[in-house]
Amino acid sequence: MADSSASSRASVYARITDQIIAAMERGAGTLRMPWHHDGATVSRPINVLTQRPYRGINVLALWTSARAAKYQTGIWGTFKQFQSLGAQVRKGERATLGVIWKPSTPGDAADAAPVDGVKPRWFARGFSLFNAAQVDNYDPPAAPSLPDSARITHADAFIAALGMRIMPGGSEAYYRPSTDTIHVPLFERFVDSETAIAVTLHECAHATGAPHRLDRDLSGRFGSHAYAMEEAVAELTASFVLADLSIAHEPRPDHAAYLSSWLTVLKEDTSAIFTAASKAQAAADWMNARQAQLKAAA
């Protein structure tokens, strides 16, 4: 006889997948990482003065620069912007090139509206940006601290039963295959306990792809189809398990936004999201099986 609880989980997982696909098709909201927006390198890069997130190609340029230089902050600004805050870019620091698009119209280069029926042409102008790590006398605003009393104990117990090595600390969340370790920011840095669990589960989902677990392809590079697929698997797995834990039966907007960021790649294969959902169900089933194994051994 089929396992009714497994069948019920499969039904919930299918519903969540359908909802996320629908959200992606509608157009998800702006992605923000769910820990405090303190300028971590994994956050959308933000401007130090306006607090507005950078857009388009500038996001990729600043992320790339931050990773290469190992900056631990995603706060950026021009020389003059930092100077206006009483800070100073250190001598010898190299700037990162940003791009701003300006309209050019006959007779009025500052006006983006058509002139005599002639649409403006846009041209790219480069400008220099510096990371807060390159600056002296700048103190980022303090982020609120999530109290330990806000922990969701049954979710913590679920994650502990997975038997994975989780290393709290730092400003990024990631799974490192070479050491089989999961790295997440400290609990106190998250906006709430639910998202702390969601982020941890996302990285645990990546870890299920290790060769000694479910043996998925974890070699894809940023922007590749394999990378997009694995990110979709991890995010779907997290949303499935959140439902199992009665923490989030509905996918959060940032789930859809996260997947939407890879939508261009996923659209190359119309069945990709369904393949990802199948692999995510296998990962969620593996996680649930670990709970049963722990109970049987107790």
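Is Ala 155 buried or exposed? That was my opening look-up, made on a predicted model.

**Entry 1: Ala 155**

I found Ala 155 in helix H4. Its relative accessible area came out at 0%, so I noted Ala 155 as buried, the limit being under 20%. I then listed what Ala 155 touches, skipping residues up to four places away in sequence: Ile 197, Leu 245 and Ile 247. I also checked a pair across the chain. Ala 155 and Leu 201 are 46 residues apart in sequence, and their C-alpha atoms are 9.6 Å apart in space.

**Entry 2: the nonpolar cores**

Next I turned to the largest nonpolar core, which has 41 residues. Which of its residues touch the most other members? I got Ile 197, Leu 201 and Met 287. I then sorted the core by element, keeping those that give two or more residues: helix H4 (153-160), strand S9 (181-184), helix H5 (193-207), helix H6 (225-244) and helix H9 (272-297). H6 supplies the largest share, with nine residues. Apart from this core I came across another one, of ten residues, including Ile 75, Phe 82, Val 89 and Ala 132. A general point I jotted in the margin: nonpolar side chains tend to be buried together in soluble globular proteins.

I followed up on Ile 197, leaving aside its neighbours within four places in sequence. Ile 197 is in contact with Ile 152, Ala 155, Asp 156 and Ile 159, and also with Leu 242 and Ile 247. Ala 155 from my first entry is thus back on the page, as a contact of Ile 197.

**Entry 3: H5 against H6**

How do the axes of H5 and H6 cross? I read an angle of roughly 130°, with the axes coming within 8 Å. That angle falls outside the ranges for parallel, antiparallel and perpendicular, so I wrote the two helices down as oblique to each other. The crossing of H5 and H6 is right-handed.

I then went through the residues that make the contact. From H5 I have Glu 194, Ile 197, Ala 198, Leu 201, His 202, Ala 205 and His 206. From H6 I have Glu 230, Glu 231, Ala 234, Glu 235, Thr 237, Ala 238, Val 241 and Leu 242. By type, the residues of this contact split into eight nonpolar, three polar and four charged.

**Entry 4: His 206**

One of the H5 residues in that contact, His 206, got its own look. What does its relative accessibility make of it, buried or exposed? The value is 8%, so His 206 counts as buried. Not counting residues up to four places away in sequence, His 206 touches Tyr 175, Arg 216 and Leu 218, as well as Glu 230, Glu 231 and Ala 234. For a pair across the chain I took His 206 and Ala 283: 77 residues apart in sequence, and 8.9 Å apart from C-alpha to C-alpha.

**Entry 5: two backbone angles**

Last, I looked at phi. Most residues other than glycine have a negative phi. Asp 215 has a positive phi, near 55°, and is not a glycine. I placed Asp 215 in the loop between H5 and H6, and its relative accessibility of 53% makes it exposed.

Ser 246 also went into the notebook, with a positive phi of about 60° although it is not a glycine. This serine sits in the loop between H6 and helix H7 (253-260). At 55% relative accessibility, Ser 246 counts as exposed.

Key:
Residues are numbered from 1 along each chain as its sequence is written. This is a predicted model: local features need pLDDT of at least 70, side-chain atom pairs count only at pLDDT 80 or more; totals for chains, interfaces and linings use all residues. Side-chain values use heavy atoms; hydrogens and water are left out. A nonpolar core is a set of buried Ala, Val, Leu, Ile, Met, Phe, Trp, Tyr and Cys residues joined through side-chain atoms within 4.5 Å. Buried means under 20% relative accessible area, exposed over 50%, partly exposed in between (1.4 Å probe, protein chains only). Helices (H or I, at least four residues) and strands (E, at least two) are DSSP runs, numbered from the N terminus. Contact means heavy atoms within 4.5 Å. Axes are lines fitted to C-alpha atoms, for helices over the stretch in contact, and angles run from 0 to 180 degrees between N-to-C directions. Angles under 35 degrees count as roughly parallel, over 145 as roughly antiparallel, 65 to 115 as roughly perpendicular and the rest as oblique. A crossing is left-handed if the near helix is turned anticlockwise from the far one by less than a right angle, and right-handed if clockwise. Ala, Val, Leu, Ile, Met, Phe, Trp, Tyr, Cys and Pro count as nonpolar, Asp, Glu, Lys and Arg as charged, and the others, Gly among them, as polar.
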